[in-house]
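Student: I should like to examine how the descriptive terms applied to a structure follow from computed values. May we work through one example?

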Amino acid sequence: MRRVYLDNNATTPVLPEVLAAMQPYFGEHFGNASSIHHHGQETRAAVERARESVAALLGCKPSEIVFTSGGTEGDNLAIFGVTQPGQHVITSTIEHHAVLNSCKHLEASGCEVTYVPVDGSGQVDPDDVRRALRPDTRLITIMAANNETGVLQPGEEIGKIAAEADVYFHTDAVQAAGKIAIDVKRMGCDLLSISGHKMHAPQGVGALYVRKGTALHPMLHGGSHERSRRAGTENVPGIVALGKAAELARQGLINGDIARISALRDRLEQTILDQVEGTRVNGHGAARVPNTSGIYFDCIEGEALVIALDLKGLAVSTGAACSSGAIEPSHVLTAMGLRPEQARGSIRFSLGKQNTAEEVEFALSLVPQTVARLRDLSPVYNKTASCC
Ligand SMILES: Cc1ncc(COP(=O)(O)O)c(C=O)c1O
């Protein structure tokens, strides 16, 4: 059976070049990067080359990169690494659970957290961030791009607000890295997390940018790896893969790769909007990353549509992978003002570098007819009024 994968915000396939780059580090180059003999020096050099590639993608110095096990760890290290009980933190209502649940944990351990809202297009208003500042504010943590809608947040403005207030600014850039150009200096952030598996490297590796001079307490206690910011023997194959993926991501931003994905996303989105009535883009009107399209289908149960499409070979999702199967409507979409049934009727299409124009046509051959069939079966769908 033919299968097309349009769920790249959940995870991306490892690119062949990335797999080829990491493979020797499972075999002949097996050394511990902390060993001083030949084997260790070989893997140390590979780790440092990868650090340079990741730093080049983010516009920072290699020494400001800390390798992690992924986005969740990077978010946790940033948040717990700079805060202490009694301090105040500002975040938004649409963060990934890696940030939201870290903030809940901070609250339980004596911090106060302000959750700034978003508007109907899913964007934080920088003025809300400014108004939330207090003398005891230590950290602002607001994502760069949302995983469900792709909506970009005003990072540069928030960076300026944080700098003026002398407050740390962390941004979860897991869904932005490789999709838009990132320059940590321009954004004015002190901490920025990325994840390998959202940019065609494997699952289980990521990086945190830590601006020089940031007072970061480590979360893991052990050896002095990663300049004592993250103890534990480095995941050399994963780090090498992340370095290669970062290199390819940087090229993709200039060689037309991302522009191609953007055109495919636009074709998919516009055709669905044109051919299926009762649809709307979540985040309409806001700047979005070029690969993501969250679409609300009137009178559709998103889970039912995901399953029906999967049976025909098309993989999409209802939103965050980790919330699939949960009955609760998406906190991101409800924060944007969608009613629970509208949030439940939303589907996320997310493209990656492997996707082709032909795959988009395959998706378009399935989505309108599958939505029509589900609506036909719906006891509440009013066919004459074209709505529930
Ligand atoms: C915005 C965002 N932050 C953090 C994460 C967590 O990253 P990881 O799966 O690498 O732990 C994800 C994963 O879906 C994400 O989309």
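Student: Why is Asp166 called exposed?

Tutor: This is a predicted model, and in it the relative accessible area of Asp166 is 70%. The term exposed requires over 50%, so Asp166 qualifies. Asp166 is placed in the loop between helix H6 (155-165) and strand S6 (168-172). Its phi is near 55°, a positive value in a residue other than glycine.

Student: His200 also has a positive phi without being a glycine. Is His200 buried or exposed, and how do you know?

Tutor: The phi of His200 is about 70°. Its relative accessibility is 5%, and buried means under 20%; His200 is therefore buried. The residue lies in the loop between strand S7 (191-195) and strand S8 (206-210).

Student: What makes the pair formed by Asp172 and the ligand a polar contact?

Tutor: A polar side-chain atom of Asp172 is 2.6 Å from a nitrogen atom of the ligand. The cut-off for a pair of N or O atoms is 3.5 Å, so the pair counts as a polar contact. For Ser195, a polar side-chain atom lies 2.6 Å from a ligand oxygen atom. An N or O atom in the side chain of Lys198 is likewise 2.6 Å from an oxygen atom of the ligand. The protein covers 86% of the 390 Å² of accessible area that the ligand has on its own.

Student: Which element gives the most residues to the shell around the ligand?

Tutor: Helix H3 (residues 71-82) does, with 3 residues. The shell as a whole divides into 2 nonpolar, 8 polar and 3 charged residues.

Definitions and conventions: Residues numbered from 1 in each chain as written. Predicted model: local features only at pLDDT ≥ 70, side-chain atom pairs only at ≥ 80, totals over all residues. Heavy atoms only, no water. Helix = DSSP H or I, 4+ residues; strand = E, 2+ residues; numbered from the N terminus. Buried < 20%, exposed > 50% of the residue type's maximum accessible area, 1.4 Å probe, protein only. Polar contact = N/O pair within 3.5 Å; in protein donor to acceptor, adjacent residues only side chain to side chain. Areas by Shrake-Rupley, 256 points an atom, 1.4 Å probe, with all protein chains shown as cover. Nonpolar A, V, L, I, M, F, W, Y, C, P; charged D, E, K, R; others polar.
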